[in-house]
Amino acid sequence: MAEHSEWGPNSICVTVSFTPGSISLSAHSITVAGFEWGRKNTDNSPNPPGFNPNMSERVQLLLSDRILGMTLVPEGKVWNYGIGLTQMWSPTMPYHIVLDTPLLFWAEQHRPSAFLTFAKLEGGDDSADVENSFA
């Protein structure tokens, strides 16, 4: 955290939870104790020792179409492995994230095999052998 001077007292972290039928948003600001713990922490496991929920405090969240934020997306922008890239995803796959605008849910990059099939259909290579009864 000491490497990221852009994190300051006005920085927040927004959490989005997708549940059936709803979306929950929450915002938290890091406390001084949380910043110090993060600066000293070298353990990157899912549950590093010494962490506790009091290292952040809940802050007010204002939703507006006038304030533009930022999103962390994987390099290459492909994030939706649920519709066409399921076989490529694994829980241990390496990834790097960047600040960018995410691709739309149904973007072509998320389902390349479907678009390759569409391209083959347009070529007419899959036309069925049909007997012409009127010939």
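**A three-stranded sheet and a buried threonine**

Strand 2 (residues 22–30) and strand 3 run antiparallel and are held together by four bridges. Within this pair, A27 sits across from V59 of strand 3. The model is a predicted one, and strand 3 (residues 56–59) is where confidence in the chain peaks, with a mean pLDDT of 92.

Zooming out, the pairing belongs to an open sheet of three strands, laid out in the order 1-2-3 and antiparallel. Strand 1 (13–19) and strand 3 are the edge strands, each with a partner on one side only. On average, neighbouring strands in this sheet are turned by 35° against each other, direction ignored.

Just past strand 2 comes T31, which lies in the loop between strand 2 and helix 1 (32–40). Is T31 buried or exposed? Its relative accessibility comes out at 16%, so T31 counts as buried, the cut-off being under 20%. Leaving aside residues up to four places away in sequence, T31 touches N54, M55, S56 and E57. Of these contacts, S56 and E57 fall within the residue range of strand 3 (residues 56–59).

As for how far to trust the picture, the chain averages a pLDDT of 77, and 72% of the residues score at least 70. The low point is helix 2 (residues 112–123), with a mean of 66. Where pLDDT is low, the predicted coordinates should not be read in detail.

Terms used:
Residues numbered from 1 in each chain as written. Predicted model: local features only at pLDDT ≥ 70, side-chain atom pairs only at ≥ 80, totals over all residues. Heavy atoms only, no water. pLDDT = per-residue confidence, 0-100. Helix = DSSP H or I, 4+ residues; strand = E, 2+ residues; numbered from the N terminus. Pairing = 2+ DSSP bridges. Axes fitted to C-alpha atoms, helices over the stretch in contact; angles between N-to-C directions. Buried < 20%, exposed > 50% of the residue type's maximum accessible area, 1.4 Å probe, protein only. Contact = heavy atoms within 4.5 Å.
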